[in-house]
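Biologist: I would like to learn how to read this model one feature at a time, with the general idea before the case. Could we begin with the empty spaces inside it?

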Amino acid sequence: DKDSVTITISDASGAVVRTMKGPVNAGTTRVYWNLRGDLTRQAKLRTSPEYAPWVNVQLSGRDAPGVGRVGLLMPPGRYTVRLTAPSGRTESQPLTILKDPNVAASDAELAENVALAKEVMRNLDEAVTMINSMESVRGQLAALDATIADDTTRNDLAASIDSLDMKLRAVERRLFQTRVTGRGQDLIRSPAGIAEQLEFLANSVQSSDHAPTAAQREVSALLRDQLNA
């Protein structure tokens with residue numbers, strides 16, 4: 001990584017919307033941008049799924065199989081592409097994304113679409129941050145439970161560990177589907193949590209260039225309230 005070229009794409013306000021890495025091999029090199037911004041945060045699990053203790057989790061954690069990541073499809077406008085070499089030398093060029101002439105949506109409708117998608121993605125990031133924080137604590141509790149000595153204090157300590165773990169798990173069950181293992185048909189056997197629903201909503205909003213529907217706005221507000229709670 002320290003020898004790679006860094007490529008950043010900034011919007012008209014100067015905010016970086018995407019960061020990519022490129023090789024430093026001699027000669028012509030191509031790096032492709034799919035017109036999407038940086039992905040939302042990765043949910044990392046540090047405990048086994050509920051009812052599936054056979055799923056081993058390394059100390060580094062495992063990607064939550066049910067919580068995906070979303071990248072905002074960037075709207076038409078002017079952007080700047082900047083390439084930075086390991087030596088610190090930079091080169092930049094302007095880039096203009098044009099609106100598809102076949103799109104019937106107005107610029108105002110498209111702006112509404114992007115605004116709601118951004119809001120939903122911010123809420124998804126917040127949900128993932130909560131998940132990662134609780135999984136970090138639960139992972140530490142599991143490690144402590146596995147290493148405490150078998151003595152007279154074990155029962156009291158183990159009971160305290162289980163009590164705190166269950167409190168955290170109760171919140172996690174609302175944020176994401178804790179039973180999903182990533183195998184078979186787990187994703188359709190149990191209801192999705194707030195994080196999975198936010199991911200679905202973000203992709204649903206961006207499946208069109210038109211203004212969000214009343215139902216999409218209502219669901220966004222409902223999920224935001226549940227997340228705040």
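Biologist: Which residues line the largest cavity?

Modeller: Please keep in mind that this is a predicted model, in which local features need pLDDT of at least 70 and side-chain atom pairs count only at pLDDT 80 or more, while totals for chains, interfaces and linings use all residues. Residues are numbered from 1 along each chain as its sequence is written, and side-chain values use heavy atoms, with hydrogens and water left out. A cavity is a set of points, on a 1 Å grid over the protein atoms alone, where a 1.4 Å probe fits but cannot get out, and a lining residue has an atom within 4 Å of a point. Here the lining of the largest cavity consists of Leu-45, Thr-47, Ser-48, Pro-49, Glu-50, Glu-135, Arg-138, Arg-169, Glu-172, Phe-176 and Thr-178. Two elements, α1 (107-147) and α2, each give two or more residues to this lining; helices (H or I, at least four residues) and strands (E, at least two) are DSSP runs, numbered from the N terminus.

Biologist: What volume does the largest cavity have, and how many residues of each class are in its lining?

Modeller: The volume is about 70 Å³, taken as the space filled by probe spheres set on the points, which are joined across faces, edges and corners. The lining of the largest cavity has three nonpolar, three polar and five charged residues, where Ala, Val, Leu, Ile, Met, Phe, Trp, Tyr, Cys and Pro count as nonpolar, Asp, Glu, Lys and Arg as charged, and the others, Gly among them, as polar. The whole structure holds two cavities of 30 Å³ or more, and the second largest has a volume of about 50 Å³. Among the residues that line the second largest cavity are Leu-45, Pro-49, Phe-176 and Thr-178, and its lining divides into six nonpolar, three polar and one charged.

Biologist: Glu-50 and Arg-169 were both in the lining of the largest cavity, and both carry charged side chains by that scheme. Where do Glu-50 and Arg-169 lie?

Modeller: Their side chains meet in a salt bridge, at 3.5 Å from N to O, and the term stands for a side-chain nitrogen of Lys or Arg within 4 Å of a carboxyl oxygen of Asp or Glu. Glu-50 lies in the loop between β4 (44-45) and β5 (62-63), while Arg-169 belongs to helix α2 (residues 154-175), so the bridge ties together parts that are 119 residues apart in sequence. Glu-50 is buried at 10% relative accessibility, and Arg-169 is buried as well at 19%; buried means under 20% relative accessible area, exposed over 50%, and partly exposed in between, with a 1.4 Å probe and protein chains only.

Biologist: How many salt bridges are found in the whole structure?

Modeller: The search finds 13. One of them joins Asp-38 and Arg-18 at 3.8 Å from N to O. Asp-38 sits in strand β3 (residues 36-39) and Arg-18 in strand β2 (residues 16-22), so this pair ties together parts that are 20 residues apart in sequence. Asp-38 counts as partly exposed at 36% relative accessibility, whereas Arg-18 counts as buried at 19%. Another joins Asp-107 to Lys-99, with the closest N and O atoms 3.3 Å apart; Asp-107 is exposed at 57%, and Lys-99 is partly exposed at 30%. Through shared partners, salt bridges also link Glu-50, Glu-135, Arg-138, Asp-165, Arg-169, Glu-172 and Arg-173 into one network.

Biologist: Let us turn to the strands. In which sense do β7 and strand β8 pair, parallel or antiparallel?

Modeller: Two strands pair if DSSP finds at least two bridges between them. β7 and β8 (residues 90-97) pair in the antiparallel sense over eight bridges, and Arg-78 has Thr-96 in β8 as its bridge partner. These two strands form a hairpin with five residues between them, and Gly-88 in the turn has a positive phi of about 100 degrees. Strand β1 (residues 5-10) also pairs with β7 (residues 77-84) in the antiparallel sense, over five bridges, with Thr-6 opposite Thr-84.

Biologist: Which residue other than glycine has a positive phi near 65 degrees?

Modeller: Most residues other than glycine have a negative phi. Tyr-51 has the positive value near 65 degrees; Tyr-51 is in the loop between β4 and β5 and is exposed, at 65% relative accessible area. Leu-35 also has a positive phi, of about 70 degrees, and lies in the loop between β2 and β3, where Leu-35 is partly exposed at 34%.

Technical notes
1 Å grid on protein atoms, 1.4 Å probe; cavity = no way out; pocket = protein on both sides within 12 Å on 5 of 7 lines; lining within 4 Å.
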